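Grab a viewer and work through a few exercises on packing and pairing. Try each task yourself before you read the solution under it.

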Amino acid sequence: MVAAKAGVSTATVSLVANGKTQGRVSEDNISRVRTAIAELGYVVDSIGSSLARGVSSIVILVTPDVSNPFFANVIAGVRESLGADYQLLLSVTDAGESPQADDVRKLLSLRPAGLLVGAPSAEFLKDLSASGPLVLLDAPGLETFAPSVNLDVAQGARELARHLASAGHTRAAYVDGITGTATFQLRRQAFLEEAASCGLLVSEDHVISTSIDVGEAAAAFASAWPSWKAAGVTAVVCGTDTHAYGVLQEARVEGVRIPDELAVAGFDDLPYSATSNPSLTTVHLPATPLGRKAGEQLRGLIEGVPLAEPHVTLESSLVVRGSTAQG
């Protein structure tokens, strides 16, 4: 219909619609096709195009719990690196739930150009068995499955343990996420091991888990705090800043003095952490660079460019603020 209205061939319409006119279509024909497209309201059938090419321009990002503000920065980095050539489709789960391979496989019928998977578990990757370009984000220990961009969460966790021990803390508690993904396991394990070597005791009954939600973390802390206080706990480390916000919130309700009576720290370094009251000590994890580098890696795989470094690790760092720094 567009070709008939513009008085050109369907091939010419295809070239104009897909932005491939340079040196192939005259300015007059371009103008006539664009006018016909506007008048008829024509849009390119992306599914039909992908069937013809065997692959689409869609990139799927699988992420656990998009409600975690950390992932907003990851997504921004991915979008920056993919540019306008690819469309980003999110496959997300509810808070506290891990992605299911069956759900992701349904999306593979769209013939995506590539797949990004954030903070996966080994079980998920084994079940998925995806073919085609694949890059993992924040997936420590899972490098055998695919190219990856990881965060050195262990380094930051160890720095945090040493910081609390040097401040004189001898008993601490840990608030973890419930998803059980490799990144949460690593940050908890690294902290607990370093804490033990520094004389900072974290007993098993002082480790609790909640979804990445301020309210749930606050409720869990409210329930645990009386026994923690009786046991001499003076520091709480949280698997994410979001958990830490819940602890800070409930601590204010309970009249707990931060950091004089209780030091609180997290992981992520979300924007609010610098302005919370008190400001939050946290392990800085470079979310936007993580997304940007993962997008670059995937784009290289899609376009057949050899990866100089199939596995990249970005540094973490401890940011000490008012929630642990006394005086």
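The exercises below go through helix packing, strands, a sheet and one glycine, all in a predicted model.

**Exercise 1. Work out how helix 2 and helix 3 pack, and which residues make the contact.**

Step 1: Find the two elements. Helix 2 covers residues 10-17 and helix 3 covers residues 27-40.

Step 2: Get the geometry. The helices pack at an angle of about 85 degrees, and their axes are 10 Å apart. Angles of 65 to 115 degrees count as roughly perpendicular, so helix 2 is roughly perpendicular to helix 3.

Step 3: List the residues. Helix 2 brings Thr-12, Val-13 and Val-16 to the contact, while helix 3 brings Ile-30, Val-33 and Arg-34.

Step 4: Sort them by chemistry. The contact residues divide into 4 nonpolar, 1 polar and 1 charged.

**Exercise 2. Describe the surroundings of strand 3 (residues 114-118).**

Step 1: Check burial. Of the 5 residues in strand 3, 5 are buried.

Step 2: Split the strand by direction. In a regular strand the side chains alternate between the two faces of the sheet. Here Gly-114, Leu-116 and Gly-118 point one way, Leu-115 and Val-117 point the other way, and all are buried.

Step 3: Look for the partners. Strand 1 (residues 58-63) pairs with strand 3 in the parallel sense over 4 bridges, with Ile-60 opposite Leu-115. Strand 4 (residues 134-137) also runs parallel to strand 3, joined by 4 bridges, and here Gly-118 stands opposite Leu-137.

**Exercise 3. Lay out the open sheet of 6 strands and find its edge strands.**

Step 1: Write down the order. The strands go 7-6-8-9-10-12, with mixed pairing.

Step 2: Pick out the edges. Strand 7 and strand 12 each pair on one side only, so to speak the ends of the row.

Step 3: Add the twist. From one strand to the next, the twist averages 20 degrees.

Step 4: Inspect one end. Strand 7 (residues 207-210) pairs with strand 6 (residues 172-177) in the parallel sense over 4 bridges, and Thr-210 sits opposite Gly-177. Ile-208 and Thr-210 form the covered face of strand 7, whereas Val-207 and Ser-209 form the uncovered one.

Step 5: Inspect the other end. Strand 10 and strand 12 run antiparallel and are joined by 3 bridges; one residue pair is Thr-282 with Val-319 in strand 12.

**Exercise 4. Place helix 8 (residues 153-166) and say what its buried residues pack against.**

Step 1: Take its length. Helix 8 has 14 residues and reaches 20 Å from its first C-alpha to its last, close to the 20 Å expected.

Step 2: Find the buried residues. Among them are Val-153, Ala-157, Leu-160, His-163 and Leu-164.

Step 3: Name the neighbours. The buried residues pack against several elements, including strand 5 (148-151) and helix 9 (182-197).

Step 4: See what follows the helix. Gly-168 comes after helix 8 and has a positive phi, near 100 degrees.

**Exercise 5. Is Gly-77 buried or exposed, and what does Gly-77 touch?**

Step 1: Locate the residue. Gly-77 is found in helix 5 (residues 70-82).

Step 2: Apply the cut-off. Buried means under 20% relative accessible area; Gly-77 has 0%, so Gly-77 is buried.

Step 3: Look around. Leaving out residues up to four places away in sequence, Gly-77 touches Thr-288, Gly-291 and Arg-292.

Step 4: Compare sequence with space. Gly-295 is 218 residues from Gly-77 in sequence, yet their C-alpha atoms are 7.5 Å apart.

Notes
Residues are numbered from 1 along each chain as its sequence is written. This is a predicted model: local features need pLDDT of at least 70, side-chain atom pairs count only at pLDDT 80 or more; totals for chains, interfaces and linings use all residues. Side-chain values use heavy atoms; hydrogens and water are left out. Axes are lines fitted to C-alpha atoms, for helices over the stretch in contact, and angles run from 0 to 180 degrees between N-to-C directions. Helices (H or I, at least four residues) and strands (E, at least two) are DSSP runs, numbered from the N terminus. Angles under 35 degrees count as roughly parallel, over 145 as roughly antiparallel, 65 to 115 as roughly perpendicular and the rest as oblique. Contact means heavy atoms within 4.5 Å. Ala, Val, Leu, Ile, Met, Phe, Trp, Tyr, Cys and Pro count as nonpolar, Asp, Glu, Lys and Arg as charged, and the others, Gly among them, as polar. The expected span of a helix is 1.5 Å times one less than its number of residues. Buried means under 20% relative accessible area, exposed over 50%, partly exposed in between (1.4 Å probe, protein chains only). Two strands pair if DSSP finds at least two bridges between them.
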